[in-house]
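Got the model open in your viewer? Here is a tour, stop by stop, of what to select and what you'll find there.

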Amino acid sequence: QLQEIDIQGHTENNLNVSTFKIRQSLYKSIKKADPDARSIWSTSSTHCKSNFKPGGTSMITFGKTAARIKKTGSDPLGRWSFMLLDGKNTRELLFVTIYQCGNPTKDDGNTAYTQQRIQLSILDRTDINPKNNFLRDLQDFIQTHKSRNPNCIITIMGDFNEPITGKTPTQLCLRFGLVDLFTYHHPLDEFATHFRGTKRIDLILTEPELASNSTIHYEPFNL
């Protein structure tokens, strides 16, 4: 079990997991690393002939933690995947790995942004702006779990394509009482997590109770 990881989230996998060959390959490689592991992958339902498909997310749970999974699932537009775990007493732990697409540099019909615009149009949404719908739909998804079980502890992690002061992270923190895990432990530190910017756009948002019992570090991405 690499690095003693319990739950692993991946964003912008760029894999066409709609195809059986890709899913089978992923399943075999994960089971080879840990026979007890469980995984879930997301991609949009937009048709793609290539194995390369922009966007998507995934989650893998290893070892004994995998036995605590009650439910897994993914967003039909490929924007997030989730795992719901059993906690103590009546508690549950909901882990969501997200990819909020950025504004496109080109509109070639294959970017995650364009895929989502197509799917939102099919859904007859009046507003087909991917970012507006991402926040709205993710809030509804989280609220559904909170309404069903108020003792469900929320963790949202992934590539937000905006810093903690951006609209989506700010609204999620305000509505669900979440904190940025890194800022919680290192309030005076800040750095960039992407090549073309100066901000940290890869975030973990969670409830203070879980944050106080967690640690966080970022691996170098530009070596």
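**Stop 1: the cysteines**

Select C173 to begin: C173 is buried, with a relative accessible area of 17% (buried means under 20%, exposed over 50%, and partly exposed in between, using a 1.4 Å probe and protein chains only). Before you go on, note that this is a predicted model, so local features need pLDDT of at least 70 and side-chain atom pairs count only at pLDDT 80 or more, while totals for chains, interfaces and linings use all residues. Residues are numbered from 1 along each chain as its sequence is written, and side-chain values use heavy atoms, with hydrogens and water left out.

Now show the sulfur of C173 and look for the closest cysteine sulfur: that one belongs to C152, 16 Å away, which is too far for a bond. Select C48 next. C48 is also buried, at 13% relative accessible area, and the closest cysteine sulfur to its own is in C101, 16 Å off and again too far for a bond. How many disulfides does the count come to? Zero, where a disulfide is a pair of cysteine sulfur atoms within 2.5 Å.

**Stop 2: the three-stranded sheet**

Switch to cartoon view and pick out strands 1, 3 and 2. They form an open sheet in the order 1-3-2, with antiparallel pairing. Strands here are DSSP runs of E with at least two residues, helices are runs of H or I with at least four, and both are numbered from the N terminus. Two strands pair if DSSP finds at least two bridges between them.

Which strands sit at the edges? Strand 1 (7-11) and strand 2 (38-42), each of which pairs on one side only. From one strand to the next, the twist averages 10 degrees. Zoom in on strand 1 and strand 3 (residues 57-61): five bridges join this antiparallel pair. For a landmark, select T11, which stands opposite T57 in strand 3.

**Stop 3: strands 4, 5 and 6**

Move on to residues 80-86, which make up strand 5. Six of the seven residues of strand 5 are buried, so this strand is largely enclosed by the rest of the structure.

Add strand 4 (residues 69-74) to the selection: five bridges join it to strand 5, and the two run antiparallel. Then add strand 6 (residues 92-99), which pairs with strand 5 over seven bridges, again in the antiparallel sense. F82 is a handy residue to colour here. F82 is the bridge partner of G73, and the bridge partner of F82 in strand 6 is V96.

Now look at the turns. The hairpin of strand 4 and strand 5 has five residues between the strands, and there G78 takes a positive phi near 80 degrees. In the hairpin of strand 5 and strand 6, which also has five residues between the strands, N89 has a positive phi near 55 degrees.

**Stop 4: out of strand 6**

Follow the chain into the loop between strand 6 and helix 2 and select T111. Buried or exposed? T111 counts as buried, at 18% relative accessibility. Show side chains and you'll find a polar contact of 2.8 Å between those of T111 and T114. A polar contact is a pair of N or O atoms within 3.5 Å; within protein, one must be able to donate a hydrogen and the other to accept it, and residues adjacent in sequence count only if both atoms are side-chain atoms.

**Stop 5: helices 3 and 4**

Select helix 3 (residues 130-148) and helix 4 (residues 167-176). They pack at an angle of about 20 degrees, with their axes 10 Å apart. Axes are lines fitted to C-alpha atoms, for helices over the stretch in contact, and angles run from 0 to 180 degrees between N-to-C directions.

Two loops deserve a click as well. In the one between helix 2 (112-122) and helix 3 you'll find D124, which has a positive phi of about 65 degrees although it is not a glycine. D124 is exposed, at 67% relative accessible area. In the loop between strand 7 (152-159) and helix 4, select N161. N161 is another non-glycine with positive phi, near 55 degrees, and counts as partly exposed at 26% relative accessibility.

**Last stop: T193**

Finish in the loop between helix 5 (181-185) and strand 9 (202-206), where T193 is found. T193 is buried, with a relative accessible area of 10%. A polar atom of the T193 side chain lies 3.0 Å from the backbone nitrogen of I201.
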